[in-house]
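The following exercises concern aromatic rings and their surroundings. Please study the sequence and the structure before reading each solution.

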Amino acid sequence: MQPYTALLENKKIDFSIKTVGKPTLNSPLKDCVFIKDSQKICWPTKTEDINAFLKERKTIPVPAFQQAGPREKIFYDPSWTRAAIVTCGGLCPGLNDVIKGIVNTLSQEYGVKNIFGIRYGYRGLIPSYGYEPLNLTPEMVDGIHENAGTILGASRGQQDTLKMIESLRRLNISMLFCIGGDGTLRCAGEIADEIKKQKLPISIIGIPKTIDNDLNFIDRTFGFETAIYAAAPVISCAHDEAKGAHNGIGLVKLMGRDSGFIAAQTSLANSYVNFCLIPETNFEMDGENGLLKALEKRLKAKAKNQPHAVVVVAEGAGQNLIKDDSPIQNDASGNIKKKDIGVFIKDKINKYFSEKSIDVSVKYFDPSYMIRSVPARGTDAVFCYMLAHNAVHAAMAGKTNMVVGHWNSYFTHVPIKLATMKRRKVNIKSPLWQAVLASTRQSEYWQE
């Protein structure tokens, strides 16, 4: 309990949701269950944690998210509402599904007719780039869910907040839906803060798009499930290539800048993986406890039966192992550019076994762009629509400076500052990571 109470007492965690004004209009929605702002979803998910908070109720409230959903009273008059949608950052499965969901919910459920698509990320709100907004209608977005990417285009990088707000004012926008990851959401939070200073009635709602599934206080983001589906066949190819050669090694680099959720869950989804490397665990390449020695042990152990190995590495793993004097570089979103751990490991494997005169065949796969450039599928597509659905409900009720989250099977309202406080990471003591260790059996050859 100490981590929970310490954070709350230090006032580092604020679950309250901001509004642009008091909602006074009756919602046009019929035959639905309205959610009250008082309905909450507990942040602690364990019974013992909740009970501990209840015992200290006089001083520490049970931390909880506001539940998402339609409100009986709304702030904006649908007939006067003008909405805008922007997609930022890298591509991710489901972007078009979210766009379609926002447009259809605004139009079909609330009767909002003026919906604009801001092109190429936040650049589209800077006049000097010359990107004219798209007029989005249900007819226009009808089939976009079948296509990967985003019909609006996307870009990375911060833009001038005051200029973006001026564009929103010039377009007479009532609400802006920002679809993106932590960089996009931090920018959305800055826009919302400045809008509050200027006392403008513009709602800023974030929709969490990070294929790494690493946003804080949100247990699921769209595109992640599809990424697991798309990555699994690559593991099969790596396995086939590895088994097809004596001492074959299939090496697959997957996305995961700071969190290893894709690498971990893909390793479980297609359990041919023998070694899974993620940013949350430190490892060595050399020495008796290094990966290279572990690979050698596995190949020797399987010498009589098609010796091979499949290694999956997240892009942010093992960054401390790559020694070079080049200065640290950041991408347009401000993220530190990761060094290529995949190529590094491939070269180290080839050098190690060559020096030992052991013949190996290394096949390297980097399917990152292929994985993020596919349409959302199955329940992931449903999840996209439900995020969009709840984002519109929040905006129409006048909520702002928040992102639609998901926690303990419920959709929630999460303050942007909370969602971007830090990256969510794989807990190496969790059942997820323990399952990965059991599935890969890497501890048979490697004591990290």
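**Exercise 1.** Determine whether Tyr131 is buried, partly exposed or exposed, and classify its ring pair with Tyr129.

*Solution.* The model is predicted: local features need pLDDT of at least 70, side-chain atom pairs count only at pLDDT 80 or more, and totals for chains, interfaces and linings use all residues. Residues are numbered from 1 along each chain as its sequence is written, and side-chain values use heavy atoms, with hydrogens and water left out.

Step 1. Buried means under 20% relative accessible area, exposed over 50%, and partly exposed in between (1.4 Å probe, protein chains only). Tyr131 has a relative accessible area of 26%, so Tyr131 is partly exposed. Tyr129, at 34%, is partly exposed as well.

Step 2. Rings of Phe, Tyr and Trp (its six-membered ring) pair if their centres lie within 6.5 Å; planes under 30 degrees apart count as stacked, over 60 as edge-to-face and the rest as tilted. A search of the whole structure yields 13 aromatic pairs. For Tyr129 and Tyr131, the centres are 5.9 Å apart and the planes stand at 10°, so this pair is stacked.

**Exercise 2.** Classify the pair formed by the rings of Phe283 and Trp446, and state whether these residues are buried or exposed.

*Solution.* Step 1. The ring centres of Phe283 and Trp446 are 6.1 Å apart and the planes lie at 85°, so the pair is edge-to-face.

Step 2. Both Phe283 and Trp446 are buried.

**Exercise 3.** Which residues do ring pairs link into a cluster?

*Solution.* The cluster joins Phe15, Trp43, Phe65, Phe217 and Trp407 through ring pairs.
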